[in-house]
Amino acid sequence: MKKIMTIAVVIILIGSLPVHAANWYVDNSAKGSNNGTSWENAWTGFSNINWSAVQPGDRIYISGGAVTKTYSQQLKIGASGSPGAPITISSGEESGHNGQVIISNPIGSGIVISGKSYIVINGNSGGRQNIRVTGCYDQGINISGAAHHNIITYLEIDNNGHSGGINQDGITTSFDAMTEYPVLEVSYCKVHNNWQDQMHIVGARGPLQYGRILIHHNEIYELQDDGIESGVRGMDIYDNVMHTLSSGKGKGHPDGIVIMAGYGRIWNNTVYNLQNDINYMNAYIYPNIFYSEATEECCIRIYNNLVYQSIPGRQGDYGRGLELSVQGSITSLRDVLIANNTFVGIPAWGANLFFSALSDS
């Protein structure tokens, strides 16, 4: 009897051992069997990835060659990870494959995540952005649907979009309503020179929660229109550096950091010199709380930001350091904290408050 019980325990222990996650490989120069199982046998393009074989916890490596390697196609994510076991996509780590991966799709967006969750796209290689999404016809990255718990980190996203299009941005989102969060985290990226907004975060307004979208430790520069524009609740924007207003692409009504809904927190950002010889900046930080239906919004936190302009202002320059604006059919705005921000050299006002048709505040 004792021997039988010992065997049963061993069987239980073996059954509880974790399954080892698989590594997969993409290299458009691979000459082997192209089943994705090694660099020699790598999938030769993003459209060749067998997503039915990719499981939660797996990692997909993309070869950057010895220095750089370009993939002129779209990377559309075809599977979801799970809690604690995301699907991770990163650049190659071994010599000969650890150059910069360049994704440049001439007929559409660069990376698409539609309704997939628990995805990590990580270009970190010794602290540099080793995945670059550039020169795509449409958005650099397009995220939509019921996508959540996705992370974009250490990417360079630049010079995407075209004239005449809609939302020709570095990152564009259109999220469905959901309670799963964080919905998206973008960190340690360089985002610049995209045709319209550098980040355009919209979709369902969302539940009354902080911390649904996390944007932090990015450098955002050479703005064409807005740096970050958001219409969803729960934006956390912190520890970013934003600078330099460019011209010649999709010029609009440029602002630096824009949130248009409640439960937004903006802190510890440095925003400077958003001006050029052609365009004027509207506001460096712009909580423009707006809604087309009668409602109330609350919970705005803006603190510890440094905003400055070392470029001399010009006649007619109306740039503001911060403008809190309440527009549309918003009937009430409450629980607002604006504290410990520094404004230096701003052409018009350091801070400006604009209220339209509030019943109370």
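Which strand is joined to strand β5 (residues 87-91), and by how many bridges? The answer comes in point 2 of this note on a predicted model.

1. Overall make-up. The protein chain holds 1 helix and 31 strands. Of its 361 residues, 52% count as buried. Take the contacts with a separation of 6 or more. Residues 24 or more positions apart account for 80% of them.

2. Strands β5, β8 and β13. Strand β5 is joined to strand β8 (residues 119-122). The two run parallel, with 4 bridges between them. Within this pairing, Ile87 stands opposite Ile119 of β8. Strand β8 also pairs with strand β13 (residues 150-153). That pairing is parallel too, over 3 bridges. Here Asn122 stands opposite Thr153 of β13.

3. Strands β19, β22 and β25. Strand β19 (residues 213-216) and β22 run parallel and are joined by 4 bridges. Ile213 faces Met235 of β22 across this pairing. Strand β22 pairs in the parallel sense with strand β25 (residues 264-267) as well, over 3 bridges. In that case Asp236 is opposite Arg265 of β25.

4. Burial of β22. Are the faces of strand β22 (residues 235-238) buried or exposed? Both are covered. Met235 and Ile237 are buried on one side. Asp236 and Tyr238 are buried on the other. Put this beside point 3: Met235 is the residue opposite Ile213, and Asp236 is the one opposite Arg265.

5. Nonpolar cores. The largest nonpolar core has 68 residues. Leu75 and Leu155 have the most contacts inside it. Leaving aside neighbours within four places in sequence, Leu155 is in contact with several isoleucines, namely Ile111, Ile121, Ile131 and Ile141. Its other contacts are Gly123, Gln129, Val133, Tyr188, Cys189 and Lys190. There is also a second, separate core of 5 residues. Tyr25, Ala30, Ala42 and Tyr61 are among them.

6. The cavity. How many cavities of 30 Å³ or more are there? The count is 1. The volume of the largest cavity is about 30 Å³. Which residues line the largest cavity? They are Phe175, Asp176, Val183, Ala204, Arg212, Ile213 and Val232. By class, this lining has 5 nonpolar, 2 charged and no polar residues. Ile213, part of the lining, is also the residue opposite Met235 in β22.

7. Asn23. This residue lies in strand β1. Why does Asn23 count as partly exposed? Its relative accessible area is 36%, and partly exposed covers values between 20% and 50%. Not counting residues up to four places away in sequence, Asn23 touches Gly36, Thr37, Arg59 and Tyr61. Asn23 and Thr37 are 14 residues apart along the chain, and their C-alpha atoms are separated by 7.1 Å. Tyr61, one of the residues touched by Asn23, belongs to the second core.

8. Ser33. This residue is found in the loop between β1 (23-26) and β2 (59-62). Ser33 is partly exposed because its relative accessible area, 49%, is not over the 50% cut-off for exposed. Ser33 and Trp43 are 10 residues apart in sequence. In space they are 8.5 Å apart, C-alpha to C-alpha.

Notes: Residues numbered from 1 in each chain as written. Predicted model: local features only at pLDDT ≥ 70, side-chain atom pairs only at ≥ 80, totals over all residues. Heavy atoms only, no water. 1 Å grid on protein atoms, 1.4 Å probe; cavity = no way out; pocket = protein on both sides within 12 Å on 5 of 7 lines; lining within 4 Å. Points joined across faces, edges and corners; volume = space filled by probe spheres on them. Nonpolar A, V, L, I, M, F, W, Y, C, P; charged D, E, K, R; others polar. Core = buried A, V, L, I, M, F, W, Y, C linked by side-chain atoms within 4.5 Å. Buried < 20%, exposed > 50% of the residue type's maximum accessible area, 1.4 Å probe, protein only. Contact = heavy atoms within 4.5 Å. Pairing = 2+ DSSP bridges.
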